[in-house]
Amino acid sequence: MPTDLQRDPATGHRVARPTAPPSGSLAHPDQFTPRHVGPSPEEVEAMLGELDADSLGALVDEAVPAAIRTERPLELPEALTESDLLEQARALGEENEEARSFIGMGYHPTVTPPVIQRDILENPSWYTQYTPYQAEIAQGRLQALLNFQTVTIDLTGLEIANASLLDEATAAAEAMMMLDRSRKAKGDLFFVDEDCHPQTIEVVKGRAEPIGVEVVVGDVRDFDFGEEAFGALVRYPTTDGAVRDYEGLCESAHENDAFVACAADLMALTLLEAPGEWGADVCVGSSQRFGVPMGYGGPHAAFFACREQFKRQVPGRMIGVSKDADGERALRMALQTREQHIRRGRATSNICTAQVLLAVMAGMYAVYHGPEGLREIAGRIHRLTRILAEGLQKLGVAVRHDDYFDTLRLDLPEDTRTDDLRERAEQENLNLRYYNDGSVGIALDEQAGPAEVDMLLELFASEVSQNGHALRTDNLAEDVPGGYDGSQPRETDFLTHPVFHEHQSETEMMRYIHALSEKDLSLTHSMIPLGSCTMKLNPTAALMPITMPAFAGQHPFAPADQNDGYHTVIEELSDALAEITGLPGVSLQPNSGASGEYTGLLMIRAYHRANGDEDRNTCLIPESAHGTNPASASMVGMNVVTVDCDEQGNIDVDDLREKAEEHADALAALMVTYPSTHGVFEEDILDITEVIHEHGGQVYMDGANMNAQVGLCRPGEYGIDVCHLNLHKTFSIPHGGGGPGVGPICAKDHLAPFLPGHSLDDSVGGSNAIPAVSAAPHGSALILLISWAYIKMLGPEGLTASSEAAILSANYLKERLAEHYDIVYTGREGRVAHEFILDLRPFREGIEVSEQDVAKRLMDYGFHAPTMSWPVVGTLMVEPTESESKAELDRFIEAMAGIREELAAVEDGHADSGDNVLTNAPHPAELVCADEWAQPYGREKAAYPAPFVRERKFWPCVRRVNDAYGDRNLVCACPPVEAYSENGHAQNGEA
C-alpha cells in the first residue's frame, strides 16, 4: 500500500500517514490505517507547519530521546483489510468446536436479549463512554449502574453494593482483604470452605499470602471460630450444587467477632433466601448468567454487596444518589476519597477499571425481565434439573445432594467407569464436570430445554443402564411439579422499584436504553481528551468477532482441544505484544491494568524469593505515579518509598540514587511510567534503570502511556524487566464507561518462569508460576479478539503511524493552547509525548475560578474535560490520541480559547468571580429554557458559547452535582418511589 510514512532517503524521517491507494492501484482500498489515523495528509502538513517541524519524523526525533529509539522496525505480519480480518476471524471461530457445556463452576450459557446486544453491547453510545468522573454528562450510565447495584442489594439482602468488580474469584479476594482491614483484635486466619469454586480458592490464597493472611481450606461444617479466625468464605450454592443453611455459621462467627463472606449465584438468589437474611456480612459473585456470554472466561461483571458498616472499606466504584445545584436528584460516584489517587498506598484496593459495560448489560437484563421474568427463568432451570435428577435416579445414578438449584453431583454405579462416560460424552460434544473421586457434575442453564435433558439422559443410559434406554422429559415432568421446595426458600421480595416493572416490551426497553444513552457524552459526540486514558477509536471491525457465537459461547474450562481458534488468537496476540515491547514472556490473564501491576510485582517478589532474597520488599515509586502503583505495591506486601521529581517533572535521579543506595539490601523494584505521567519522554531513563539494577532491583513499567511508544521504542531495550499494557487504551478495547479492560504482563526471560498459572489449566503460566490472578486461565478472553484484530488491521507500519500521529496531535494541541495557557512540562526540545498538562493554578489563586469550573464549562461546549488535577493538582492533562482529525482538534482549541476569554472577563472585573458562566456551568436545557433567568449573562452565551456548538449541541441533563451531599447521605440503590418529586421521574425509574 502506498504510504507517505515511508522513510525519506535523505533524512530517514517519516513524513505523513498512509494514504489510500492511488487511482489504478491493484491494492485493496479497504485499508484500515487511513480510517484509524484521524489527520489527513493535508492536515498533517498543516499541523507540522504550526509546529515549525520539517517532517513528522523530525518531530518524533525531537520528542523521543535518540538513546531509546529502536533500531529494529516491528516484525509483524502485513496489515489485513477489514474484510480479510473478519474472514480470518470467522475461519478461526470454526476451529472452536460447537460443544454443549454443562460444567457450571460459575460459567453458564445464557440468552442475551437481542435488544441488549444491539442497543448496548454493539452501540458506541454505550461502549465508547469513559468512567463517569464527570457526573453531569454521565447520568445515563450512572442510572444503569444504580440499577445494577439495586439488583445486587435486593437479591443479596445487604445494604451496600458497588458498581462491579472483575470476576467472582477476585471479588472474593477483595472481600477477604476488606474483612482483614475491618477485623478487631484477632488472629490472621481466614477460613475458606472447600466447596467454593476451585479457581476462587486459588485466587484468594494467592492474594492472602503476601499480606500475611493465613488461609485454611476445609469443610466448613467442621469449622469452629476461635481466637485466630477473623472470617470465613462459603459458596451458596456450593460448587457442586448443594444448598446449605449457613445461619448457624454466621451466628458463631458474630459471637466470636468474626465475619462471613458468601460467594453466591445471582440467578439462584431469585429462588433462595437472601444471604443477608441468614447473616452473611459480604456477598460476592458473578452476574455473567444475567445475559452476558461466557466468552471463554470473560469479561463479566462481578457483584459485591456488604453491610453498611463497611461502606468506607468497599473496593471499587460505588454509585450514589445526590442532588444538583437546583436541589434536583442527580447521581455520582460516591465516596471517591477511597480512590487510589488520593489514598495511594492506603487505598482500599488497587482497582481502577472494573466491568461497567457488562454490569450495564446485567442490570438491563433484570430491567427487561423484571422479577417475575427472573423467577420464571430460574424456576424453569430448577424444574429441568429436578427432572434430570429424577431420570438419572431411575437409571441407578445417585444424586449426592438432596437440596440443589441447577447443579447435580452424581455418583455412578460401581460397574460404570467415569472415563468411559467421559469419552462418550466428548464424542457427542457434551462437556460435563469430572471430580477426582470419580463423581460427575452437571449444571443446567437458561439455554437448556427438554431436548438437552433428554440428550443427557440418553448419554447416561448408554453407559449405566442394561437396556440402554432412558425415560424422556415429557414422561418424567408429570411427577415433578414446578417451584422450589428445598432448603432456604426465598421469602423476601426483590426488584420492587418501578424501573423493573415497566420495560418488559421491546419498544419500552429500546426507548429506555436510548433515553439513558442520550444523557451521556461519548466518542459519538466529540473527542474525549483525557490524559493517561487514550480514548482512541474502537474499530467496528475489531469489535464484530466478539459477538460471533463461536467465540462468545465457549466455556473457560472446556477441553482445550475444543478451542483451537481461541488459542491461535491468544498465541498470535501474545507474540505481537512480545515483539512490540521487546519482552518475550507474556500472560494475558490479568483482566485490568491494576491487576497487571499486581501481577508484575508478584512476579518480581517471586523472583527475589527464588534467589533467596526474601528481604527484598522495598518498592521505589515516583511521586508522580498513578495511584494504583503504590496501592498494588502494598497489596504484594512491599514497603513503598517515594522518589522525588524535579522542577521539570522528571524523576530526580540524584534522589533515586540516594534511596536506591539507602535501601540496597531490601530493594525489590522501581515502578516507573514511561513516557512519564507528566507527558514527556524522560531523557534519563537508561540511567534510571541502571541505578536500580546496580542495587539488585527490578524495573517495572506502568504501560498506561504505551500509545506513544509502539513501533518507536521497546521497553525491553531500555532496561525494563516487566511491564503491563492497557489493551483498553493502546490496543483499542473500548472503555465501556469504566470497563472492561485487559492488563497483560510482558516480561524478560528471567522473570518469565513466574508468569501466573492456573490450577485448572496446566498450559498456562511459567515453570515456577505464581498463583492465578483471575478466575479464568486467560482472563477476559473474549475481548482479546479486539486487540488481536486491531494489530492485524494496522500491521507494523500502521501501528508505528498511530504512535507518530498521537505525538503529532498532542504537540499540535500543546502549541496552539500555549497561546492561551501555560504548559507545565515539556521535554528537552520543547516537545511533549502523547499528552501534556495545562496549568490552571493561577486562576484558582487569582480569581477563585478552579480547574473544576473549567471542566464543567467544557460540557457546555460539548466536550468531556481532560484529566483533572492529576498528576498535578490544579491542572488539566490533555491526550488527543491519533484518531482525531485536525478539525476536531481545532474545535477543542476553539473551546479552550473561548474559556480563556471567559476567564479573562473575570480577571478584568467584567464578570463576578462567584457568579459567572464558568462557576455556574454546566447549563442544562431545563435551566436555559426556564421562564426565569437570574444569571448575569445571556442564555445564548450559556448554551451556545461557540458557533460550532450549534451544529451538534450536547445538553447536560443536570446542573453541577453536589459531591459532599452525596457522601453525607449515601444511597446506592434506586430510591423508593415516595422519595421522588411529583415530576414523573418515578414512572421511568430515574433517580
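Reader: Which residues lie nearest the centre of the second largest pocket?

Author: This is a predicted model. In it, 28 residues line the second largest pocket. The pocket holds about 820 Å³ of space. Nearest its centre lie Met105, Arg433, Tyr434, Phe557 and Leu760.

Reader: How many residues of that lining are nonpolar, how many polar and how many charged?

Author: Helix H13 (418–427), strand S13 (430–431) and strand S14 (433–434) each give at least two residues to the lining of the second largest pocket. By type, the lining splits into nine charged, four polar and 15 nonpolar residues.

Reader: Is Ser286 buried or exposed?

Author: Ser286 sits in strand S7, which covers residues 282–286. Its relative accessibility is 12%. Buried means under 20%. Therefore Ser286 counts as buried.

Reader: Which backbone nitrogen lies 3.0 Å from a polar atom of the Ser286 side chain?

Author: Beyond four places in sequence, Ser286 touches residues including Glu168, His300 and Phe303. The 3.0 Å pair joins its side chain to a backbone atom. That nitrogen belongs to Gln288.

Reader: In strand S24, which residues point the other way from Phe836 and Leu838?

Author: Side chains in a regular strand alternate between the two faces of the sheet. In S24 (residues 836–839), Phe836 and Leu838 point one way. All four residues named for this strand are buried. Pointing the other way are Ile837 and Asp839.

Reader: What is the bridge partner of Asp839 in S26?

Author: S24 pairs antiparallel with strand S23 (residues 822–823) over two bridges. There, Asp839 partners Asp822. S24 also pairs antiparallel with S26 (residues 875–878), over four bridges. In S26, the partner of Asp839 is Thr875.

Terms used: Residues are numbered from 1 along each chain as its sequence is written. This is a predicted model: local features need pLDDT of at least 70, side-chain atom pairs count only at pLDDT 80 or more; totals for chains, interfaces and linings use all residues. Side-chain values use heavy atoms; hydrogens and water are left out. Buried means under 20% relative accessible area, exposed over 50%, partly exposed in between (1.4 Å probe, protein chains only). A polar contact is a pair of N or O atoms within 3.5 Å; within protein, one must be able to donate a hydrogen and the other to accept it, and residues adjacent in sequence count only if both atoms are side-chain atoms. Contact means heavy atoms within 4.5 Å. On a 1 Å grid over the protein atoms alone, a cavity is a set of points where a 1.4 Å probe fits but cannot get out, and a pocket is an open set with protein on both sides within 12 Å along at least five of seven lines; lining residues have an atom within 4 Å of a point. Grid points are joined across faces, edges and corners, and a volume is the space filled by probe spheres set on the points. Ala, Val, Leu, Ile, Met, Phe, Trp, Tyr, Cys and Pro count as nonpolar, Asp, Glu, Lys and Arg as charged, and the others, Gly among them, as polar. Two strands pair if DSSP finds at least two bridges between them.
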